[in-house]
Amino acid sequence: MSTIISRELLEKAVRLHGHLGPFLVLGLKMSLLAKKILGRKPSRCEIATISRKPYLCAVDGIKVVIGNAVTAKEDDGLSAKFSAEGKEIVFRAKKNLVKKYAEGPWKKCEEYAHEVMKSDDEWLFMQNVGRVVRTKSVDWTVSRTQASRIFRVDISPIPARTDKN
Ligand SMILES: [Zn+2]
């Protein structure tokens, strides 16, 4: 399933951030998914990523959806923990995609953004949907079963783009 970003929300994000890129859209999608799964707008988000652009572009995407209560900590990859009323959920973007989008040429920025927009959530994120937790400390690791499933997904080649431009 692909999380739909309304045109209005996307335009607002681009206005706030200054340009359209894949990490901005990843931030939007993570937040919209968190909102849907938690059943309300998350009150807080902690993003863990490499503390420079383009990774940090995701922060603005998250802010557009949940407001300014976003903190960042250093980590490799890109993940975000959302909290709402004592419940938490973590999304982690697939490693191969983070690498592709971070290392791709600047001129592909908008093309990548559209790719993220059209992509299924399952294709973008390792998703702990079943693991909405109520504790303050979140287990950032995944179970062995999840890991093997994710690993298979992770190492498969990136599907060809299906749009016809
Ligand atoms: Zn940016």
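Tutor: Before we start, two residues are in contact if their C-beta atoms, placed from the backbone, lie within 7 Å. Helices (H or I, at least four residues) and strands (E, at least two) are DSSP runs, numbered from the N terminus. This is a predicted model, in which local features need pLDDT of at least 70 and side-chain atom pairs count only at pLDDT 80 or more, while totals for chains, interfaces and linings use all residues. Residues are numbered from 1 along each chain as its sequence is written.

Student: OK, so how many helices and strands does the chain have?

Tutor: The chain comes to seven helices and five strands, and read from the N terminus its elements follow the order α-α-β-α-β-β-β-α-α-α-β-α.

Student: And how much of the chain is buried?

Tutor: Of its 165 residues, 35% count as buried, where buried is 20 or more other C-beta atoms within 10 Å of a residue's own, exposed is 12 or fewer, and partly exposed is in between.

Student: What share of the contacts comes from residues 24 or more positions apart?

Tutor: Such pairs account for 74% of the contacts in the chain that have a separation of 6 or more.

Student: Let's look at H3, then. Is that helix mostly covered or uncovered?

Tutor: Helix H3, residues 57-66, is mostly covered, since eight of its 10 residues are buried; these are Cys-57, Ala-58, Val-59, Gly-61, Ile-62, Val-64, Val-65 and Ile-66.

Student: What covers them?

Tutor: The cover over the buried residues of H3 includes helix H1 (7-17) and helix H2, together with strands E1 (44-49), E2 (70-74) and E3 (78-84).

Student: What about the residue just after H3?

Tutor: That is Gly-67, which takes a positive phi of about 100° just after the helix.

Student: Different spot: where does Gly-18 sit, and is Gly-18 buried or exposed?

Tutor: Gly-18 lies in the loop between H1 and H2, and Gly-18 is exposed because it has 10 other C-beta atoms within 10 Å. From the C-alpha atom of Gly-18 to that of Asp-60 is 9.9 Å, although the two are 42 residues apart along the chain.

Student: Since H2 came up, at what angle does H2 pack with H5?

Tutor: Helix H2 (residues 22-38) and helix H5 (residues 109-118) pack at about 20°, and their axes are 7 Å apart. Here axes are lines fitted to C-alpha atoms over the stretch in contact, with angles from 0 to 180 degrees between N-to-C directions.

Student: Which residues make that contact?

Tutor: From H2, Pro-22, Leu-24, Val-25, Leu-26 and Lys-29 take part, and from H5 the partners are Tyr-112, Ala-113, Val-116 and Met-117.
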